[in-house]
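Colleague: I would like a close look at one part of this model, at a pace that suits a first-year student. Could you take me through a single strand and then its surroundings?

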Amino acid sequence: MRILVQKFGGTSLATTELRTRVCEIVHANRQEGFSVVVVVSAMGRENAAYATDTFINLIKEVNPEPLARELDILMSCGETICGVLLANQLTAKGMKAKFLSGEQAGIVTDGNYGNAHIRYVNPQKIKECLQEGMVAVVAGFQGIGENGELTTLGRGGSDTTACALGVALNAECIDIFTDVEGVMTADPRIVDNARLLDAITYNEICQLARDGAKVVHPRAIEIAMQKGIPIRIRSTFTDTLGTMVANQAYQLDEPVKIISDRLITGITYNSDIAQIKITTGGLGEQTGIELKVFKSLALAGVSVDFITVQPKAIMFTVHSEKAGKAMGVLQTLDLHPEMESNCAKVAIVGAAMTGVPGIIYKMVEALAECNIPILQAGDSYTNIWCLVKMEHMKKAVQALHDKFELGNK
Ligand code: ADP
Ligand code: MG
């Protein structure tokens with residue numbers, strides 16, 4: 001049996017017309033001899049009637065700190081509604097189809113509400129569907145904890161469902177259908193001349209995704225990579241092939257081409273970051289303070305990123321949501337923290353940049369040419385990032401994209 005897992009994001013499913021397009025895609029693949037498993041997200045984004053955020057706003061009206069277990073049950077409804085509709089629409093178009101919840105599809109997770117990890121997959125019911133010639137329509141983003149409670153998989157959860165099913169069913173390919181042409185050198189909403197990457201390694205896409213490219217979730221890629229199942233990231237609205245994520249395929253009688261990671265794959269950004277700075281008295285005094293700072297933040301459940309410790313200052317970033325709490329903790333310690341609340345991290349990402357001279361220089365030059373102050377910076381083997389004010393983020397991403405000549409000419 002040749003199996004395709006095809007995941008459709010919220011914007012691809014938002015209206016009856018769009019879902020008709022989805023039905024056509026599924027039909028075309030069945031005509032080619034594939035058994036199709038469709039994984040759905042909730043319909044639409046942000047203010048859409050049955051979007052996940054709408055449900056979250058609804059529950060927060062009655063309780064600003066919703067019960068975690070009940071919140072997961074509510075959040076999972078968007079995928080259920082969408083999947084039930086799509087299964088009916090496929091049936092109305094003459095294909096046999098069946099809807100399966102995360103639990104029915106055999107997605108078993110840990111008990112971590114809101115951000116559960118998949119422990120294992122038991123795809124028995126899906127296999128039965130496919131054997132009967134049906135399309136299996138599976139609700140993404142949801143699973144069942146080993147204690148029998150419904151869980152959700154966190155941001156990008158439907159991507160994760162699709163990749164886990166792709167691995168469990170040994171699919172020929174996992175298609176992630178979305179509202180852009182594929183993986184590009186930068187977010188096309190920010191950079192007009194962003195270029196489509198036809199092919200990309202698992203390694204490269206993982207790095208882009210971890211550094212903020214929201215086109216696919218890194219956890220999903222890590223799962224598909226375990227069995228080397230190819231992923232195509234492509235547009236629901238056009239017939240183009242998008243981006244192929246795969247290990248190198250080769251023919252036995254042909255020379256084996258070694259693909260390597262690009263020097264720079266793309267530019268990413270992360271917003272909703274606050275930077276906090278504490279001025280200290282200097283060496284000696286500081287050791288005690290940094291210990292106190294990070295211990296108190298840890299006890300308060302505030303996760304800290306990008307730490308820079310200097311002889312006379314400690315700087316770090318937190319997610320905007322936690323900024324108020326972090327400031328409160330530091331004020332009680334009488335440390336007079338200063339905060340820059342609206343920041344963004346922009347990064348150049350690429351696995352082969354280590355040891356290549358001049359990259360940091362070019363990055364700093366690009367930002368200086370646009371008069372964008374760098375608030376903090378850092379690097380790893382696979383990226384170099386700078387913290388900038390949110391109001392400079394778009395300009396910074398575009399400037400870096402231009403400087404490294406990543407765009408369409
Ligand atoms: P879906 O609802 O289909 O899962 P997402 O919003 O999660 O869609 O992901 C698609 C979005 O990812 C695009 O609309 C695009 O704005 C954004 N994006 C960010 N970085 C990139 C990138 N490097 N390449 C392509 N898209 C990107
Ligand atoms: Mg997504």
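In strand E11, which residues point one way and which point the other way?

Modeller: Happy to help! Please keep in mind that this is a predicted model. Ile231, Ile233 and Ser235 point one way from E11, while Arg232 and Arg234 point the other way. In a regular strand the side chains alternate between the two faces of the sheet. Try following E11 along its length from residue 231 to residue 235, and you can pick out the two sets for yourself.

Now for how covered the strand is. Five of the five residues of E11 are buried, so the strand is largely enclosed by the rest of the structure. That holds for both sets of side chains: the residues that point one way and those that point the other way are all buried.

Next, let us place E11 in its sheet. The sheet is open and has eight strands, in the order E3-E6-E2-E1-E9-E11-E12-E10, with mixed pairing. At the edges are strand E3 (97–100) and strand E10 (199–200), each of which pairs on one side only. In the order of the sheet, E11 stands between E9 and E12, and we can look at these two neighbours in turn.

On one side is strand E9, residues 173–178, which runs parallel to E11 and is joined to E11 by five bridges. One pair to find on your screen is Ile174 with its bridge partner in E11, Ile231. On the other side is strand E12, residues 243–245, which pairs with E11 in the antiparallel sense over three bridges. Here, Ile233 has Thr243 as its bridge partner in E12. With one parallel neighbour and one antiparallel neighbour, E11 is a handy place to see what mixed pairing in this sheet looks like.

One residue of E11 deserves a longer stop: Arg232. Its relative accessibility is 19%, and because the cut-off for buried is under 20%, Arg232 counts as buried. What does its side chain do there? The side chain of Arg232 makes a polar contact of 2.7 Å with the side chain of Asp175. Leaving aside residues up to four places away in sequence, Arg232 touches Leu4, Cys173, Ile174, Asp175, Ile176, Leu241, Thr243 and Met244. Some of these names should be familiar by now: Ile174 is the bridge partner of Ile231, and Thr243 is the bridge partner of Ile233.

If you walk along the sheet from E9, you come to E1 and then E2. Strand E1 covers residues 3–8 and runs parallel to E2, with six bridges joining the two. Among the facing pairs, Phe8 stands opposite Val40 in E2. Strand E2, residues 35–40, is mostly covered, with six of its six residues buried. Ser35, Val37 and Val39 point one way from E2, and Val36, Val38 and Val40 point the other way. You can use E2 to practise what you did on E11, since all of these residues are buried as well.

Finally, let us go to the ligand, starting from strand E9, which spans residues 173–178. An N or O atom in the side chain of Thr178 is 2.7 Å from an oxygen atom of ligand 1. A polar side-chain atom of Arg189 also lies 2.6 Å from an oxygen atom of the ligand, and a polar backbone atom of Gly10 is 3.4 Å from a ligand oxygen. Of the 570 Å² of accessible area that ligand 1 has on its own, the protein covers 87%. There are 18 residues around the ligand, and those that come nearest are Arg45, Thr178, Asp179, Asp187 and Arg189. By type, the shell divides into eight nonpolar, four polar and six charged residues.

So here is a path to retrace: begin at E11 with its two sets of buried side chains, step across to E9 by way of Ile231 and Ile174, and finish at Thr178 beside the ligand.

Key
Residues are numbered from 1 along each chain as its sequence is written. Chains are lettered from A and ligands numbered from 1 in the order in which they are written. This is a predicted model: local features need pLDDT of at least 70, side-chain atom pairs count only at pLDDT 80 or more; totals for chains, interfaces and linings use all residues. Side-chain values use heavy atoms; hydrogens and water are left out. A residue is near a molecule or strand if one of its heavy atoms lies within 4 Å of it. A polar contact is a pair of N or O atoms within 3.5 Å; within protein, one must be able to donate a hydrogen and the other to accept it, and residues adjacent in sequence count only if both atoms are side-chain atoms. Accessible areas come from the Shrake-Rupley method with a 1.4 Å probe; for residues, only the protein chains shown count as cover. Ala, Val, Leu, Ile, Met, Phe, Trp, Tyr, Cys and Pro count as nonpolar, Asp, Glu, Lys and Arg as charged, and the others, Gly among them, as polar. Two strands pair if DSSP finds at least two bridges between them. Helices (H or I, at least four residues) and strands (E, at least two) are DSSP runs, numbered from the N terminus. Buried means under 20% relative accessible area, exposed over 50%, partly exposed in between (1.4 Å probe, protein chains only). Contact means heavy atoms within 4.5 Å.
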